[in-house]
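Reader: Before we go through the assignments, please show me the sequence and the structure.

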Amino acid sequence: MRHILHADFDAFYASVEQLDNPRLRGKPVVVGGSAEGRGVVASASYEAREHGVRSAMPMRTAQRLCPQAIRVGARFDRYREISQRVMSIFRDLTPLVEPLSLDEAYLDVSAVVDEGGKPAEIAAGLKRRVREELGLVVSIGVATSKSIAKIASDMDKPDGLTVVSPGSERSFLEPLPIRDLWGVGPRTAERLVAEGIEKIGDIARQDEEWLRERFGRQGVQMRRLALGEDDSPVVVLRETKSVSAETTFASDTGDPEALQEVVSRLSQRVAQQLRRKQLQGRTVKLKLRLSDFTTFTRQRTLPIAVQSADELSRSAGELLRAELYGRRRFRLVGVGVSGFEQSNEDPEEPRQLRFSGFG
Ligand code: TTP
Ligand code: MG
Ligand code: MG
C-alpha cells in the first residue's frame, strides 16, 4: 500500500508578504494587480477571505468587499525562492517529490512508513519543519493515492492536517461535491448535475456503462476515482544533466568560418535553453562527426560556469579550432553544456563567482 502526502501552502503569496512585512500580519492582504489596472487577486490572506475575497476575483470586487484590504504587488522571485526551499525540505524526507506548482507538491512517503513511520506523524513533522525553517504554514492531506491526498489537503485549511486512513477512501469521498473530483471541470459538473448527480458518491454508484455512454472514457475514469481507485504514481522529474543542440550539414564542410558560424548559432540555442531552465554549466562540450561518420566529442571544464551564448560560442569555438587540421570535413556539429550550478534568477544581475555546488 502506498502513502501519499499532498502539501500546499496556506494563502501562499499573501503569507509570504505577511512574513516579510510584519505590519501586514493579522490583516486582510491581497496580492495582485491594481484595481485601476484591472488587476485580479492572485492570493488573499485568510483575514481577507473572511470578507469573501477569493483568488481570481477582480481587484475592484475585492476592494468593494473589503475596503480595508491592503494590496501588494506580486514578487515572483521571492515566491520561487521559498518554493525551492520547501521542496528541498520535502526532499529531505523522500526523493519522491512531485511539485505541482510553486506552492504544492505530492510526496510518496511509503518507504518512510515501511521503516516504521506513522503517516500522520510524518505529516505533522513536516508541517513543524516548514513552520520552523520558513515561518510559513502548509496544509497537508494524507491518503493512499494522489487524488485523495489532494482533496484532503484542502479540507481543513488553513493549518490543516487531514488523514484519510486506508480503507476509508470511499466513505471519505462519498459526501463531497462532484467538483472536488479530479478532472471534473465546470462543464462536466453541469452535465452531471443535469443527470441528477451531485455528490462523488452518486458517481460511485452509477453503472460503468451508463457513465461510458454519456461521458466516454472520462466517465469510466471518474467512476474509478469516485471509488477511491487511483494508482497514478508520484512522478519525479528527471534533473537536467546536460543541454545541447546539434546540426547535420546538407553537404560536409571543412570551412572554418562556416563551422564557427554554426557553433555560434548552436550556442545561442543552448544558451536560450539554459536561461529558460535557469541553469549555468561549467563543462562545455563540442561534438563532431567526420565525413566518414567517425564521431567524437571534445570538452573542457571552465573555472566559472557559462550561460551566455557569447561565452559558450567562444569556448566551443576554441575546441573547434583545435580540430581543424588536414583536410578534415565535417558532417555534424553539436554544442552542449553540463556540470550545472543553479543560476541567478535575474539574468541582468552581474554574476558572481560561486564556490558552492561544484560538480
Ligand atoms: P493556491 O494554493 O491555489 O492558493 P493559496 O496558496 O493562495 O491559498 P490556499 O492554498 O490557502 O487556498 O495557489 C498558490 C498561489 O498561486 C497563490 O498564492 C497565488 C497563485 N495563484 C494565482 O496567481 N492565481 C490564482 O487564480 C490562483 C488560484 C493562485
Ligand atoms: Mg496554497
Ligand atoms: Mg496550491
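Author: What follows takes some labels in turn and sets each against its criterion; the model is predicted.

Reader: What makes β1 and β6 a pair of strands?

Author: Two strands count as paired if DSSP finds at least two bridges between them. Strand β1 (residues 4–9) and strand β6 (residues 104–108) have 5 bridges, so the criterion is met. Their sense is antiparallel, and alanine 7 faces alanine 105 of β6.

Reader: Where do these strands sit in their sheet, and why are β5 and β8 called edge strands?

Author: The sheet is open, with 5 strands in the order β5-β6-β1-β7-β8 and mixed pairing. Both β5 (97–101) and β8 (161–163) have a single partner strand, so one side of each lacks a neighbour in the sheet. The average twist from one strand to the next is 15°.

Reader: What makes α4 a helix that packs on this sheet?

Author: Contact requires heavy atoms within 4.5 Å. Helix α4 (residues 76–93) touches β1, β5 and β6, and the direction of α4 makes about 155° with that of β5. Another helix, α7 (residues 146–153), lies across β1, β5, β6, β7 (138–143) and β8. The angle of α7 to β7 is about 145°.

Reader: How do you know that β2 and β4 are paired, and in which sense do they run?

Author: Strand β2 (residues 29–32) is joined to β4 by 3 bridges, and at least two are needed, so they pair. They run parallel, with valine 29 opposite isoleucine 70 in β4. These strands belong to an open sheet of 3 strands, ordered β3-β2-β4, with mixed pairing. Its edge strands, β3 and β4 (70–72), each pair on one side only. Ignoring direction, neighbouring strands in this sheet are turned by 30° against each other on average.

Reader: How do you know that tyrosine 46 makes a polar contact with ligand 1?

Author: The cut-off for a pair of N or O atoms is 3.5 Å. An N or O atom in the side chain of tyrosine 46 is 2.6 Å from an oxygen atom of ligand 1, so the pair qualifies. For the side chain of aspartate 103, an N or O atom is 2.9 Å from a ligand 1 oxygen. A polar backbone atom of tyrosine 13 is 3.0 Å from an oxygen of the ligand.

Reader: How much of ligand 1 does the protein bury, and which elements give two or more residues to its shell?

Author: Alone, ligand 1 exposes 550 Å², of which the protein buries 68%. The elements giving two or more residues are β1, α1 (12–20), β3 (41–44) and α2 (46–49). The ligand is surrounded by 14 residues, the closest being Asp8, Ala11, Phe12, Tyr46 and Arg49. By class, the shell holds 7 nonpolar, 2 polar and 5 charged residues.

Reader: What makes alanine 11 worth a remark?

Author: Most residues other than glycine have a negative phi. Alanine 11 is not a glycine, yet its phi is positive, about 40°. Alanine 11 lies in the loop between β1 and α1.

Reader: Which kind of peptide bond joins lysine 157 and proline 158?

Author: That bond is cis, with omega about -10°. Most peptide bonds are trans. Proline 158 is in the loop between α7 and β8.

Terms used: Residues numbered from 1 in each chain as written. Chains lettered and ligands numbered in written order. Predicted model: local features only at pLDDT ≥ 70, side-chain atom pairs only at ≥ 80, totals over all residues. Heavy atoms only, no water. Helix = DSSP H or I, 4+ residues; strand = E, 2+ residues; numbered from the N terminus. Axes fitted to C-alpha atoms, helices over the stretch in contact; angles between N-to-C directions. Near = heavy atom within 4 Å. Polar contact = N/O pair within 3.5 Å; in protein donor to acceptor, adjacent residues only side chain to side chain. Areas by Shrake-Rupley, 256 points an atom, 1.4 Å probe, with all protein chains shown as cover. Nonpolar A, V, L, I, M, F, W, Y, C, P; charged D, E, K, R; others polar.
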